[in-house]
Amino acid sequence: MHAWPTPSVPAVAGTPAPLKLYDTADQLVKEVDTTQDANGEVGLYVCGITPYDSTHLGHAATYLTFDLVQRQLIANGHAVHYVQNITDVDDPLFERAARDGVDWRALGTSQIDLFRSDMEILSVIPPRDYIGAMESVDEVIAMVQRLLAKGAAYELDHGDIYASIEATQQFGYESNLDRATMEQFFAERGGDLEREGKRDPLDALIWRGHREGEPAWDSPFGPGRPGWHVECSAIATNRLGAHFAIQGGGSDLAFPHHEFSAAHAEAALEVDRMASHYVHAGMIALDGVKMSKSLGNLVFVHKLSEQGHDPSAIRLAVFAGHYRTDRDFSDAILDEAGARLTRWREQLGKEASEAEAITVVDELRAHLANDLDTPRALTLIDGVTGDHDRIIATALDGLLGVRI
């Protein structure tokens, strides 16, 4: 599957600052490991959309977070191998298509196209590999076979196959949750605690046997379709290797999705840890209320663009809060971001001392290298006075994707 066009990302002046990010597993800010990935590249895997509805600003904020990650690494001279999936076969897609009386494939295609458009509008650097679940069925089948062969998975009736949480000794290390919270999130986020015959209520489905009215693919263990978590395990490790630098997504994916995708890969490929970093972006609320489809309080990127809001202002509105925090969005925040962008365009871009400009860029790099501290980075630029060289404006484009 093709992604969206790659924006121009200019080279950034100044001194590289090693990127440090908060790791959910180790519960601390630590330097990103740029030394162990294949082919001298930094492996980055970010979970993509399930295309059953329009991409809202909460989704976009997550992808903007990992766009910042890419930009910092690129500015530091690293090649990044970025992979993203699309869960284009899943229950929410079927349910929404049935509700609206449309074909689930057509619904998925329309929403994927809209997502691509939103990412292009926001100048997000696309993944090198943009992979749909339907494209990766053979990869999932191979991983399920590995798990079965190692005794890490088992089959129940209807052709369903589950992975055991006991297949790895460290299950739970990624999310650091207690059992009760795991069960709560598992039930709320697509799990089936009550399924009869499971060895443990938390065991996760990795292959769903064929049901009437659902798509199915042939496999050695019967027709069916991939489970959600194992989809990401297969797509990530087949392109980035059994161990890579960063697994990313929204904070709601820390459990169960990232816990299980790591556990499946670790059991199948016999590695201690799939990713060196597990990085999670906070949720976005609208006027103090969490954005959700059920509440109907979603803000859409394409709607903001149609209303005339500059994509750089949208980015600044998102970056006004720290990526790990659950934060608010409102018309006032967007208006403030637009005003900030106007001020920056007025005060930057003029010829001045190169040395003075480099000093500002080095400070900007340092703030962003410190767990993507965008609030301090924006405050730094707010404080720039007088005439300054285009060097700063170019750095804002390269590091923040904000065009002056």
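Begin at the second largest pocket of this predicted model, where 14 residues form the lining and Tyr 22, Thr 24, Ser 251, Ala 254 and His 280 lie nearest the centre. Selecting those five residues will bring the pocket into view, and its volume is about 240 Å³. Sorted by class, the lining holds five nonpolar, six polar and three charged residues.

From Ala 254, follow the chain into helix H7, which spans residues 254–269. Select Phe 255 and Pro 256 together and look at the peptide bond between them, which is cis, with omega at about 10 degrees. Pro 256 itself is found in helix H7. For context, most peptide bonds are trans.

Helix H7 also leads to the next stop, the largest cavity, since it gives the most to the lining there, with four residues. To display this cavity, select Leu 147, Ala 152, Ala 163, Ser 164, Ile 165, Ala 167, Thr 168, Phe 171, Phe 260, Ala 263, His 264 and Ala 267, which line it. Its volume is about 60 Å³, and the structure holds three cavities of 30 Å³ or more. In the lining of the largest cavity, nine residues are nonpolar and three are polar, while none is charged.

Now select Cys 47, Cys 232 and His 257, which an unreviewed UniProt entry lists under "binding site". These residues are spread over 211 residues of sequence, yet they cluster in space, with a largest C-alpha distance of 9.4 Å.

Centre the view on Cys 47, which sits in the loop between strand S3 (41–46) and helix H1 (57–75). Is this residue, Cys 47, buried or exposed? Cys 47 has a relative accessible area of 4% and is therefore buried, the cut-off for that label being under 20%. If residues up to four places away in sequence are set aside, the contacts of Cys 47 include Tyr 63, Gln 84, Asn 85, Gln 247, Gly 248, Leu 253 and His 258, and also the other two listed residues, Cys 232 and His 257.

Move next to Cys 232, in helix H6 (residues 228–240). Cys 232 counts as buried because its relative accessibility is 1%. Leaving out residues up to four places away in sequence, Cys 232 touches Tyr 45, Cys 47, Asn 85, His 257 and Ser 261. Asn 85 is thus worth adding to the selection, as it is touched by Cys 47 and by Cys 232.

With both cysteines on screen, a natural question is why the sulfur of Cys 232 forms no bond with the closest cysteine sulfur, in Cys 47. The two sulfurs are 3.9 Å apart, which is too far for a bond, because a disulfide here requires sulfur atoms within 2.5 Å. The structure as a whole holds zero disulfides.

From Cys 47, step along the chain to residues 49–59, which the unreviewed UniProt entry annotates as a short sequence motif, the 'HIGH' region. Over this stretch the chain is 27% helix and 0% strand, and the C-alpha atoms at its ends are 8 Å apart.

Then go to Asn 76, in the loop between H1 and strand S4 (79–86). At a relative accessibility of 16%, Asn 76 counts as buried. Apart from neighbours within four places in sequence, Asn 76 is in contact with Pro 16, Ala 17, Pro 18, Leu 19 and Arg 365, so that selecting this group shows which parts of the sequence meet at Asn 76.

Two residues remain to be visited for their backbone angles. Most residues other than glycine have a negative phi. Select Gln 27, in the loop between strand S1 (20–23) and strand S2 (28–31), where phi is positive, near 60 degrees. Finish at Asn 176, in the loop between strand S7 (161–163) and helix H5 (179–188). Phi of Asn 176 is likewise a positive value, near 60 degrees, in a residue other than glycine. How accessible is Asn 176? Its relative accessibility is 37%, so Asn 176 counts as partly exposed.

Notes. Residues are numbered from 1 along each chain as its sequence is written. This is a predicted model: local features need pLDDT of at least 70, side-chain atom pairs count only at pLDDT 80 or more; totals for chains, interfaces and linings use all residues. Side-chain values use heavy atoms; hydrogens and water are left out. UniProt positions are given in the numbering used here, feature names are shortened, and annotations may be inferred rather than shown by experiment. Helices (H or I, at least four residues) and strands (E, at least two) are DSSP runs, numbered from the N terminus. Buried means under 20% relative accessible area, exposed over 50%, partly exposed in between (1.4 Å probe, protein chains only). Contact means heavy atoms within 4.5 Å. On a 1 Å grid over the protein atoms alone, a cavity is a set of points where a 1.4 Å probe fits but cannot get out, and a pocket is an open set with protein on both sides within 12 Å along at least five of seven lines; lining residues have an atom within 4 Å of a point. Grid points are joined across faces, edges and corners, and a volume is the space filled by probe spheres set on the points. Ala, Val, Leu, Ile, Met, Phe, Trp, Tyr, Cys and Pro count as nonpolar, Asp, Glu, Lys and Arg as charged, and the others, Gly among them, as polar.
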